Amino acid sequence: MADQYQITGSLAVAEKQRVIIIEAADKPQELRLRVAAYVRVSSDSEDQLNSFAAQNHYYTSLISAKENWDMVDIYADHGITGTSAEKRDDFQRMLSDCRRGLIDRVLCKSISRFARNTTECLEAIRELKSLGIGITFEKEHIDTAKMSGEMLTAIFAAMAQKESESISQNGRLGIQMRMKNGTFNTCKSPFGYRLNGNKLEIFEPEAKLVREIFHRFLSGQSCDEISAYMNTLHIATRDGKTVWQHSTIKYMLQNERYAGNALLQKNYSTDTLPRQKKRNHGEKQKYFVIGSNPPIIDADTFEAAQVLILQRREKRKTGPYQKKALSALRCGCCGGTFREKSCGGKIYWSCVTHDRTHESCPITQIPEPENHSAFCRFYYKLKHHSDQILVPLIADLQTIRTRRFLWSPDVIELNRQISNLTSQNQLLAMLKQQGGVDPDIFISRSNELAEQLRTVKQEKSRLLNEKGDDTITRTQELLEILTAGPDFLDAFDGELFGELVEKIIVESNELLRFRLKNGLELTEKMERTVR
């Protein structure tokens, strides 16, 4: 009876319960997506630039036509390789905006347009996916926001990378064939020349400076003295740099182009990704073309310069040149200088403070051969590990410099112009869609806006590259010196030491700290007996 009573009571309570539905005051609106597009064309040719403008127009129209889409920007790189993301400024700008939470979705024509390097492609996709940002690849019908997207992307990216390697290999073979039959000249003109089509022509305002450089060198001036003189003229180098370096002058003095000949394939790119540029020390064939271009100096002057370079190089391996190099020694304990001492027919370098009183500084004297050996070992390590040390350093410095000047007044103004031109492009696309603008006027105005946008972005890139100190330039100079230098040193080279090292700090009786010309400091142990 008790159980029956409890059941009956529960049913009675249930019959009294009612559910009242309270209507929502505001219906949830459809979520709006902030959409961006990434565009890349492979070269600077006129046809590709037309494709560049066409893709800009296409994505502007596509995004503007969607009611729940807001266009953030169209990120566009052109004339840039797809095998390295670091070289694509707008690709990096897009990733930066994604990290700042400005984008919900990215549109791209195909995976090969996004990246041809499988590793970088997947790294970017994974990062954006972790931020809740999907990428739509139209050609492959892939949406990375879906579960199977990344798997498919890996397949297509691998295919795109293979295609890129095949195209690159075919291009290299084509250039090599042109080198063999003598039809290849150069892709970039040296200082003193201008490239007209595929032929070099003398540019006299610079050519007279080339002749003066050779004359000064043969008259006894050093590369440092000549570079200091060139800096007083405020003339840009071949690469557009405002500072002339020792290595720039040295390269010009050894450039056979100025005598009217060409040595082709001095450098080569590795077959595997990421591509690495290496000095050709016999790994690949070289081609010497006689009479490849009009000479700026005669053959006798050029040969005299090569003889003098060799003579000075031999002198720098011995005598006062070595002493001048090792005078860069500084004590890491007391800050004192080192001076040369002779004892028992052997040469030592000793801290002046330690010489006065041994208790004032614990750094004992260093036999000169041990100093030389330490530099030779240091050079070998730096030469063969520069890709792990100097190349990442340049990339990091460029990133820091870009971030540092991102909010400068000049860059802010250029960003405002980019935003304004993008808005005009979007408005023009909307007017065309609604039939409010003539097709011919639309094409003309769209091309004009695309060109203005490209110019402003180039100016922004130039401005960012010009600002800041010269650490990046000096690091690039070090890379060039190491690339051109020997694989190892069998004896101390005072000239090479002077090009690479600013100072040696003796940290202890067993450790040296080399300060390079770009300010980077690296240590090297000494194989010595404490005295």
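**Group meeting: a buried glutamate, two cores and a small cavity**

Okay, let's start with one residue: Glu499 counts as buried, because its relative accessibility is 8% and the cut-off for buried is under 20%. Keep in mind that this is a predicted model.

So where does Glu499 sit, and what does it touch? Glu499 is part of helix H18. If we skip the neighbours within four places in sequence, its contacts are His246, Lys250, Leu478, Ile481 and Lys517.

Let me zoom out for a moment. We have 531 residues, and 41% of them count as buried. The fold is built with 18 helices and 18 strands. Take the contacts between residues at least 6 apart in sequence: 63% of those join residues at least 24 apart. On the outside, the protein exposes about 29400 Å², with carbon and sulfur atoms supplying 53% of that.

Now the inside. In soluble globular proteins, nonpolar side chains tend to be buried together. Here, the largest nonpolar core has 34 residues. Which residues have the most contacts inside it? Those are Phe338, Phe375, Phe497, Leu500, Val501 and Phe514. As for who supplies this core, the elements giving at least two residues each include helix H14 (386-404), helix H17 (471-484), helix H18 (494-500) and strand E16 (501-506). Helix H13 gives the most, with 6 residues.

Val501 is a nice one to click on. Leaving out residues up to four places away in sequence, Val501 touches Phe375, Phe514, Arg515, Leu516 and Lys517. Apart from that largest core there is another one, of 24 residues, with Ile213, Cys223, Ile226 and Ile296 among them.

Last topic: empty space. Rolling a probe the size of a water molecule over the atoms shows where it is left. How many cavities of 30 Å³ or more turn up in the whole structure? The search finds 2. I'll stick with the second largest cavity, which holds about 40 Å³ of space.

Its lining is Phe52, Asn56, Ile74, Ala76, Ala450, Leu453, Arg454 and Lys457. Helix H2 (46-65), strand E2 (69-78) and helix H16 (439-466) are the elements giving two or more residues to that lining. H16 has the largest share, 4 residues. By class, the lining of this second largest cavity splits into 5 nonpolar, 1 polar and 2 charged residues.

That's my tour, over to you.

Note on methods: Residues numbered from 1 in each chain as written. Predicted model: local features only at pLDDT ≥ 70, side-chain atom pairs only at ≥ 80, totals over all residues. Heavy atoms only, no water. Core = buried A, V, L, I, M, F, W, Y, C linked by side-chain atoms within 4.5 Å. Buried < 20%, exposed > 50% of the residue type's maximum accessible area, 1.4 Å probe, protein only. Contact = heavy atoms within 4.5 Å. Areas by Shrake-Rupley, 256 points an atom, 1.4 Å probe, with all protein chains shown as cover. 1 Å grid on protein atoms, 1.4 Å probe; cavity = no way out; pocket = protein on both sides within 12 Å on 5 of 7 lines; lining within 4 Å. Points joined across faces, edges and corners; volume = space filled by probe spheres on them. Nonpolar A, V, L, I, M, F, W, Y, C, P; charged D, E, K, R; others polar.
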